[in-house]
Amino acid sequence: MGKLTRQLLPFGTLILIVGGLSILRPETFLTLENFLNVLRRSSVPGIIALGMTFVIISAGIDLSVGSMLAIAGMIGGLVLANLSGWPFWAAALIASLLTVAMGGVCGLMNGTMITRLKLPPFIVTLGTMSAFRGISYVMNDGQPYDMPTYRYLGEGVIPLWKTLETPVQGQFALDVERVLWPWQNVNLSDLAERSRVVSHGIPVSVLIFALLIAAAGFLLKYTRLGRYTYAIGSNKQAAFHSGINVNWNLTAIYALTGLFTGIAAMIQNSRTVSAQPTAGAALELDVIAAVVIGGASLSGGRGTLTGTVIGILLISFLRNGCTMLGISTNIQLIVIGVIIIVAVSVDQLARSRAIAIDD
Amino acid sequence: MNHGRHDGGGETVALRMAGISKRFGPVQALSDVTFTARKGTVHALVGENGAGKSTLMKVLAGVHQPDAGQVEIGGQERVFANPGEAIEAGISMIYQELDLAEDLTVAANVFLGMELRGRLPLTVDHGRMADETQALADRFNFQIDAAATVSDLSTGDCQIVEVLKALMRKASIIVMDEPTSSLSEREATRLFEIVRDLRSRGYTIIYISHRLEEIVDLADDISVLRDGNVVHTGSAANLEIPQIVHYMVGRELKDFYPARQVEVGEVLFSAEHIGSAAGVEDISFEVRRGEIVGMAGLVGAGRTEVARAIFGVDKRTAGTLRLDGETISIASPADAIANGIAYLTEDRKRTGLCLELPCSWNVTLPNLCGIGMRHLISPGREMRIAREYGSRISVKWASPTAPADSLSGGNQQKVLIARWLLAESKFLIVDEPTRGIDVGAKKEIYTLLNALAGQGKGILFISSELPELFGVTDRILVMRRGRLVGNLKTKDASPDYVMHLAAVEDN
């Protein structure tokens, strides 16, 4: 029963929020555009939360992911700015790869310090949280890098259909004239002046998020790294006595989180069309909250990716809903805080009841 | 079926629990239990794990409230609503896992929660607490320093701190739950003296233990619980171990130790002059195929350290290990496992099991590569393997997906044995494999080890219980102060001689 309540509670809350908003704001909330928008905004914290799930199951914590997002993003911005003479596609590719790689390197540094210096993850990542942020500011004197053409990951869609839109009194409203299949084309010269063809479909960032959910799920369930993550979090000593190379696996877990954060940084850069040294400030809190709401235990050994995804959607829909209902961001913070505490305490209550029989 | 009831014969009754029933969900933990302890006696409470001993004592201590029945103490009938009320009434519990604040001094622990106030407000008078603790210890002839920090004390000394705590709270009834389970023989002997001394001073001791030898030695009365019922209560004088076991398990345990009829073969494993930084030196011995070699010694003699040096947990500083005649190099448990060595550790909760993870995961943990899963884990195959190995040694689990902490101690131990069976280890080191598990499960583990030896595996059996070493092994190694001081054929040795080697400093 424990496992079921752990998943059901956040899932039920999510359904409640989505259902409630659908009734309260059917015309603005319950639209495909809005849902895709929420998913698009979930992708950055969501991708990082996938890595954080591994870290938390292993009884660790990574406070540096927000700063890591900034430093990895700044590397991308720096590279792109310095490759201005190159063809855009090549420069963008190199910038993207180095962004991801920088995330991996930062994660590797966290993992190495945790395992070699035998320091608690909290301390190491508290330190790197500050250091990474500092480096991000130093890189361009506190200024962002503009990346005006780096748009695809943020705006791009995998086209499923197109619409032909004609301006009505000078505005492109939802006045759709024709729906077209992706392979259909129209000769624009036949159309009224200032008509346009718009592509619709799955946002690229959401697709990346979905693919990474599948990849992380596979790692956690079907590989030794995933299994050892649970074992190390549940009982490090027992894992060691079972012949598991605890240090190697822990380092890999932090490096993996770094890589995921690097991928998120790439998307973040593209969404803001710039690399900001302030990117991801306090993001680690949302990420950790999502993992914990999803049922992972900070003392290790427990947690699922399904739970984490539910957790991140819960937070995103809550933010979105509050905005639509005109609730200020200040109140949103309070609501999220209450949800974290309620979710974890209900979970604990269910667990303590399950183990009431002793002797 | 309360036959042979002892009614106290004119002596005063210190405590009577009458008609106690307690149910946890579907489980009737206690049904209509009546239990009487006479003043100034040691009353042993025995039963298999899950028989209800701990629940009964938790009712007495006010941790659980009974569904029916009450406690009669000092002529009053009552039910304790919380532990505070029980302590007030003069009842003190000493749990198996001692409840001491490790970083505080002996005196601070003894006065925990009832500190003596200092002259300034909000201060504590450490000096006076230390003096009073020392005076109390001296009055009872306990050799202990009230100013010592608890983390520096041996387990035996920690027991004494618990006793002092009880005495300082003016307890008249002291409950001891498995007090000797982690004591060396010498410390246990000292504890028995303390218990006898407390009895002669009029204290009532309720003594819970799995070690029947010590119970028949120590107890005046014995009550046996089985499945939440009292199946026997009465004087210990005429009771012998086989009878007690019969009451506990409801059947006679003939041939408690399985017959050894194994062909001992070639040398399988040998350690030559090994030593480690953990304090063992110059250890050499051999284990042959089919042989069960015991290792005796007092707690702290370095037996576990030998196992850790072989298994690659502690760094070896000297010596060679051979398996099947070939030198093997072991720098980590992973190397040892790859060479076919298994180590069932002495503390299954700390170094054995991942308690919140499924039993099946615990079984396959060191075996994820090498049982046909390649680099990936096939959950279906894993389940089948866990089920197969579980049924081979009859582990009682609701399902292989049940978390390991839902199992009893004996079944947890079996999960770990299944782990090493699956690893197809040639040489098994088992460290206190029967600690804290009930009589029936003990016997099953002996039979299992015997069967493994029969398959040509070699076993090193570390134990603090001499009877089981003598019951199960072919040879006994004796450790003292980090060195090997004896290597005896079991059938030629006597427990007294082994004890002498282990405990007595010659030259």
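**Group meeting: a nonpolar patch, a buried strand and salt bridges**

Helix α13(A) provides the largest share of the nonpolar patch with which I begin, namely 5 residues. Before going further, I should state that this is a predicted model, in which local features need pLDDT of at least 70 and side-chain atom pairs count only at pLDDT 80 or more, whereas totals for chains, interfaces and linings use all residues. Residues are numbered from 1 along each chain as its sequence is written, chains are lettered from A and ligands numbered from 1 in the order in which they are written, and side-chain values use heavy atoms, with hydrogens and water left out.

The patch covers about 690 Å² of surface, and Leu9(A), Leu24(A), Leu325(A), Ile327(A), Ile331(A), Ile334(A), Val338(A), Val342(A) and Val346(A) make it up. Patch residues have over 30% relative accessible area and no salt bridge; like charges are joined within 9 Å, and nonpolar side chains (Val, Leu, Ile, Met, Phe, Trp, Tyr) within 5 Å. The areas come from the Shrake-Rupley method with a 1.4 Å probe, and for residues only the protein chains shown count as cover. At least two patch residues come from each of α1 (2–24) and α13 (329–354) of chain A. Helices here are DSSP runs of H or I with at least four residues, strands are runs of E with at least two, and both are numbered from the N terminus. Leu9(A) belongs to helix α1 of chain A and is partly exposed, at 32% relative accessible area. On this scale, buried means under 20%, exposed over 50%, and partly exposed in between (1.4 Å probe, protein chains only).

I turn now to chain B. Which residues of β8(B) cover its two faces? Thr204(B), Ile206(B) and Ile208(B) lie on one side, Ile205(B) and Tyr207(B) on the other, and all are buried. That accounts for 5 of the 5 residues in this strand, which spans 204–208. In a regular strand the side chains alternate between the two faces of the sheet.

Strand β8(B) has parallel partners. Strand β3 (residues 42–46) of chain B pairs with β8(B) over 4 bridges, pairing being called when DSSP finds at least two bridges between two strands. Within this pair, Ile206(B) faces His43(B). Strand β7 (residues 173–177) of chain B runs parallel to β8(B) and is joined to it by 5 bridges, with Ile173(B) as the bridge partner of Thr204(B). From β7(B) the chain passes through helix α6 (residues 185–200) to β8(B) in a right-handed β-α-β crossover; with the strands pointing away from the viewer, the path from the first strand over the helix to the second runs clockwise.

Finally, the salt bridges: there are 25 over all chains, each a side-chain nitrogen of Lys or Arg within 4 Å of a carboxyl oxygen of Asp or Glu. One of them links Glu382(B) and Arg227(A), with closest N and O atoms 2.6 Å apart. Why does this pair join two chains? Glu382(B) sits in helix α13 (residues 379–392) of chain B, while Arg227(A) sits in helix α8 (residues 224–234) of chain A. Glu382(B) is buried at 3% relative accessibility, and Arg227(A) is buried at 5%.

Arg392(B) and Glu388(B) form another salt bridge, 2.8 Å from N to O. These residues are 4 apart in helix α13 of chain B, so about one helical turn separates them. Glu388(B) is partly exposed, at 39%. Elsewhere, salt bridges with shared partners connect Arg303(B), Glu346(B), Glu432(B) and Arg435(B) in one network.
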